[in-house]
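Here is a small set of exercises to work through with the model open beside you. Try each task on your own before you read its solution.

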Amino acid sequence: MTDALLVHMPALAVVVPLVAAPIAFLAGARWGRPVALFATALSIPVAFVIAWMASTAGEKLRYQIGGWDAPLGIGLVVDGLSATMLLVTAVVGFAITVYSLGYFAEQEKYRFFWALWLFLLASLAALFLSADVFNLYVGLELVSVAAVALVGLSGKRDALIAAMRYMLAAILGSIFYLFGVALLYGAFGVLDLAHLAAVLGPDVTGQAAFALITIGLVLKTALFPAHFWLPPAHSNAPSPVSAVLSALVVKGSFYILLRLWTDVGDPSYVPGMGTLLGVLGATAIVWGSIQALRQERLKMLVAYSTVAQIGYLFLLFPLVEIAGRHVADAWSAGVFHAVSHALAKSAMFLAAGAVLSRFGHDRIEGLGGLSRRAPVTMMAFGLSGITMMGLPPSGGFVAKWLYITASIESGAWWWAVVVLAGGLLAAGYVARVVVPGFAKASADASDADVDAGRLPKHMELAALSLALAALVLGVLGQPVLDLMVVGDPASGVIP
Amino acid sequence: MASAVPESPRGVRLAAGALCAGFGVLLVRAVLAIPEDHSGLAPVVAERLVDSGVKHPVTAVLLNFRSYDTLLEIAVLVLATIGVLSVAGSHPRVWAPVAEEADPVLSALARLLAPFMVLASGYLLWAGEHAPGGAFQAGAVLGAAGVLLALAGYARPAWVTKFGLRVVISVGFIVFLAIAVGVMFLGGVLLEYPRDYAKALVLIVETWLTVSIGAILVSLFIASASPIEELRARTGSGR
Amino acid sequence: MSQTDVYTLAGAALFVISLYGLITRPHLIHKILALNIMSGGVFLVFVGIARRVMTPDPDPLPHAMVLTGIVVTVSSTAYALALAKRIYSETGAAVLDAPDVFERPEAGGD
Amino acid sequence: MNWPVIALLAAVALPFVTATVIFALGETRSTARSAANLLGAAGTAVAVLAAAASAWQGREERAFASAGIELLDIGFGLEADMLGSVFAVVAGVLWLVTTVYAIGYMSRSADRARFFGFFSICVGSAIGIALAENLITFFVFYEMLTLATYPLVVHSGTPAALKGGRTYLTYALPAGAALALGVVWLHVLAGPVSFTPGGALPFGLAFVHPAQLTVIFALLMGGLGVKAALFPLHGWLPAAMVAPAPVSSLLHAVAVVKAGVFGIARVVLEVYGPDAALLGLTLPLAALAAFTIIFGSVRALVQDDLKKRLAFSTVAQLSYIVLGVVLASPLAIAAGIAHLAHHAALKITMFFTAGVVAEEVGAYRVSEFDGLGRRMPLTMGAFSIAALGIVGTPPAAGFTTKWLLGAGALDSGTGWVLAVLAVSSLLNAAYFFPIIHRAWFRTPRAEWASGPAPGRAEADLRMVVPLVVTALAGLAMGLLAAAALSPARWAMLVAAMEAL
């Protein structure tokens, strides 16, 4: 029986939130809460079991839906990469759910939050597990529609326009992606990733397909210069939504890029593409950080920080191309960065949301005395800032360590300079919040105010836990580093 | 309305034109290079069609071989509907009746046509097993009947906030999901229909999907139609 | 020129033409329509690819993908339209950089 | 796990545990918080002493307690060796003393939970720096120290404090980046670098990559030099004097700044070893240190603000340690290591004094000290002992340092160092003796003439007792320099290993 249950774990990772979503829709605002809490809590052991399965198997596991073998049927693939992303989704998803219990009072306009939220988590799980390029398209659309609907949930003018901009970019990205899928099928006659990897050859149509898919996914990942939609969308969304968008949703499309360029093909498949993505990533780091330094609102600052941090993910491609895969591996750096950024950025947005609830605004100049008025939130923000800067002992540090190592080893030291400069710029924008946080409270915040309007403990603790998780990842991250390369033939690491 | 919106500046148009033209050249090159002698997965589908429980290959792909795609696609549909409800639903007057005074001709026509459309929907559903057709086509016709009735003033959109509509919108997806998961208790994997029941299960799923799709299309129409009415009331414009 | 080429070239043409429209037309309905036509172009490419098998029946897989793609597109279009209408009713214009006709003071995230 | 390993882990972990408890108890439960703080500090003091004892026990076989975890090929490791124990004991024991002082000093201040929490983290980081087994672990704790110090610098939240904090970060963060690049680069070039007496670089590497190793050395020194306040990277230290007195005392006289010089010692002695001299890296560093000694002393001379004068004195004194380490003869190394402890005890006393005086009688400037000895005899007595010690008047500890350093310089054939020592001692005297003179021999202000108010101590005893204790410790280190476990003897043992 246990064995039988184990086999179905990959399906369960999708099914649990997917079943909960319509139930939450039917249950409405009040009863949607326990449904979401239960489903997201259940997703954590499921994700851990999947991670355990992957690491004991030591190779890619497949679950053929409907019992139809690839290439006819659609498979779910469990390997280190998908298991890692599922694990992060489960942990971050649960923490945000706990936070949201306090964040969304039972307001009428948020009555569909829980259903949309569960749909989003289900679609992320579906995305991370899918082994089929067309199925990934459906998964991408599911993610996009859920994410956009969550952005527009507040119904405020700016949020609606931000949602629209996001929606147009997301649909456009999907169409590019779909065109690529059509060409892939046209060129190779298969949709399954493993079959595609087996037959992929130097073919104009195939290369065009990869390019189209990359354009589409770059749009959805908001890599510079396609980042225009991200800051308004991520900053105008309700804060738990901002958290999930920056932490997980942008990683969803990045994940597909990673699959295609490092699992199915490799960065040299389209000449120059690796370097191009790397240059865009480097530009994103600098540009996003500079914009973050110039923002007046906290959530805009955090959103631009996401633009910058996304840039780090893309340094993976040129470094994998030129440095190859070593123990100190640019690929691991990118994935590890995705993981630690997911934890830290969700913590940061949750903290920003707590600031909004506590202060009633998020103007940075008005955040004086934050450390006295909301010490736990301040701590969560500061600790997640350490990951943004890439300072030890955070997970961001390990990612940067690996990037710098890879670039020095391969002689392409300029990537190391970008990585270090990005860290200093990040210190600049984190300091913009932390410094006034330590200032004496401004005149409008008297000491009597300190005890008034305290935030629910579980909200602040959800943010703090995520920030702490990102922090200790840099020291205790070995299991994650071991996990994510499982079943990755290029890693050269035999588990 | 369109005239109030300024066109893009000439520079933007020129740049966009150049970009799209260049891009088009690359696309043409790519599509012309598609090999003509590749039969894709068609032979595999043909070979396994007998095991699918349906005779039409497209339906077999949609509802059996790649039924997971279809499951997620229904999820997108339900999800988008929830999104539309949430965008439109927080608006104060969104659920007012669409047409307060129905046109008598339209009203009579609607009453005449609606039963035939429901019948046509049923036929399309049944035909999908061996010919082009199926739940989506059937649901679309059903939805069209609903929209017609709504325009004629017969649909009462106020009940849309009620529990009942949420049930109708999601029932197709829920039944599909229940069967997808339910077969796992019979010893299969997700969405693995036992061969003997495949035909029956596919029919059950299609039937409930038809109902939901029809309901979803009507609600999408009604939910989106109303804000304009609301704006008209607010600005007093006759448009 | 084969049947496949006719379809796929037409698809590619629709794709770039509507991409141009998407970029240059500020009105939201135009943009949404442009995206719809772009999808239509991609669907044509799929249909063209389905046509290249020499059997009387075309390759069912691209057809199935087109059908799925249509439903997905309908869904996202429906949501985008609802959003566009809501933006119109909030701002009086269906564009992204909308003038603030109704002067909503409570703007700002939450 | 045997007791040395437990002591090693406890020495690093206890301050962090204490910090967590302090944060959890929050602002309002001040009694429980102080109790937890004292308990944590006492436990840490015991743990560092036990770790040092284990190092002493294992010194012959060089078998030291160690513990660590791996992340890829990055090893995070701790080891209680002889050199590390010196700094660990200094930081850990002085933390206990400072905690008592700080509880008195901060008794009326706001945001105490935050203050004491970050203070504990700073101490934990410093002990981690001391006991780090390799360069990466060192770097991790070094950066933690950088960040955890910031909230303490800006503690008061005034614009001046925020400005000081900004200056601090402007120096510290780029330094961290330089250090990071140096550490990673060295890791790529030489593999994992465990601190090893006599150098850790693979044999012959200095011949293969002399240019790269030189750049790496410059990066490392740039990163460490900020905390070590080497000219021209010293600018943040006087600015950071806006911090409350306990911070200036323990962190800016001991833990933070010595983390920098300690790092230089580790890199020069236990990473580069003889290769440093081979690559011609030691002489420039020695010259820079010598210049910093003179420069700091001259700047100290013209400061009227006592804390600023002490800060520039610290700038100068830190370079004694650097100079000793770089000269690389056994006696010079011993001088540097011993001065780590000597200067800590002496300078912390003086900063304690500055804090008490400011709190009790509101005097911040040297020119306001006339006759203060009458009003606060114990405090100014302790201050005078410490000042004489730093100047190098026998028998206080500073004399021991200078004696060893002079002898070491002669050994290593760098006689010019003697001239630096002489000039610097004169300057030390020139900026400290006026204070002593004013305090004891000038006519006191009217309200001070009759001494402390009848029936009252001269100040809060929680502050006076610690500074008397540290002054006496400084005196004892000099008087008993030849005793078995004195810092000087310990340093000579370490130096004998390092100079192999």
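The exercises below move from one chain to its contacts, then to the core and a few backbone details.

This is a predicted model, in which local features need pLDDT of at least 70 and side-chain atom pairs count only at pLDDT 80 or more, while totals for chains, interfaces and linings use all residues. Residues are numbered from 1 along each chain as its sequence is written, and chains are lettered from A and ligands numbered from 1 in the order in which they are written.

**Exercise 1. Get to know chain C**

Task: Describe the helices of chain C and how confident the predictor is in them.

Solution:
- Step 1. Start with the elements, where helices (H or I, at least four residues) and strands (E, at least two) are DSSP runs numbered from the N terminus. Chain C has three helices and zero strands, giving the pattern α-α-α along the sequence.
- Step 2. Turn to pLDDT, the predictor's confidence in each residue, from 0 to 100. Chain C has a mean of 85, with 87% of its residues at 70 or more. Among its elements, α2(C) has the highest mean pLDDT (95) and α3(C) the lowest (92).
- Step 3. Look at residues 101–110 of chain C, where pLDDT stays under 50. For this stretch the model has 18 contacts beyond four places in sequence; two residues are in contact if their C-beta atoms, placed from the backbone, lie within 7 Å.

**Exercise 2. Check a helix with a ruler**

Task: Compare the expected span of α2(C) with the distance between its end C-alpha atoms, and decide whether the helix is enclosed.

Solution:
- Step 1. The expected span of a helix is 1.5 Å times one less than its number of residues. Helix α2 of chain C covers residues 28–50, so its 23 residues should span 33 Å.
- Step 2. The end C-alpha atoms of α2(C) are 33 Å apart, which agrees.
- Step 3. Call a residue buried if 20 or more other C-beta atoms lie within 10 Å of its own, exposed if 12 or fewer, and partly exposed in between, with C-beta atoms placed from the backbone. In α2(C), 17 of the 23 residues are buried, so the helix is largely enclosed by the rest of the structure. For chain C, 58% of the 110 residues count as buried.

**Exercise 3. Find which chains meet**

Task: Work out which residues chain A shares with chains B and C at their contacts, and which pairs of chains do not touch.

Solution:
- Step 1. The contact between chains A and B takes 46 residues from chain A and 44 residues from chain B. On the side of chain A, α5(A) gives the most, with nine residues. That side divides into 31 nonpolar, twelve polar and three charged residues. Here Ala, Val, Leu, Ile, Met, Phe, Trp, Tyr, Cys and Pro count as nonpolar, Asp, Glu, Lys and Arg as charged, and the others, Gly among them, as polar.
- Step 2. Chain C puts 34 residues in contact with 31 residues of chain A. On the side of chain C, α3(C) gives the most, with 15 residues. The residues there are 20 nonpolar, eight polar and six charged.
- Step 3. Chains B and D have no contact, and their closest C-alpha atoms lie 38 Å apart. Chains C and D do not touch either, with nearest C-alpha atoms 28 Å apart.

**Exercise 4. Follow one residue across chains**

Task: Place B:Val76 and list what it touches.

Solution:
- Step 1. B:Val76 sits in helix α4 (residues 67–89) of chain B.
- Step 2. B:Val76 counts as buried because it has 27 C-beta neighbours inside 10 Å.
- Step 3. Not counting residues up to four places away in sequence, B:Val76 touches A:Val138, A:Glu141, A:Leu142, A:Val145, C:Val72 and C:Ser75.

**Exercise 5. Explore the core**

Task: Say which residues of the largest nonpolar core touch the most other members.

Solution:
- Step 1. A nonpolar core is a set of buried Ala, Val, Leu, Ile, Met, Phe, Trp, Tyr and Cys residues joined through C-beta atoms within 7 Å.
- Step 2. The largest has 560 residues, of which A:Leu118, A:Val151 and D:Ala91 touch the most other members. The element that gives the most to this core is α6(A), with 25 residues.

**Exercise 6. Spot unusual backbone**

Task: Locate two cis peptide bonds.

Solution:
- Step 1. The bond from A:Ala70 to A:Pro71 is cis, with omega near 5°, and A:Pro71 lies in the loop between β1 and β2 (75–78) of chain A.
- Step 2. The bond from D:Phe231 to D:Pro232 is cis, with omega near 0°. D:Pro232 is in the loop between α8 (210–227) and α9 (236–239) of chain D.
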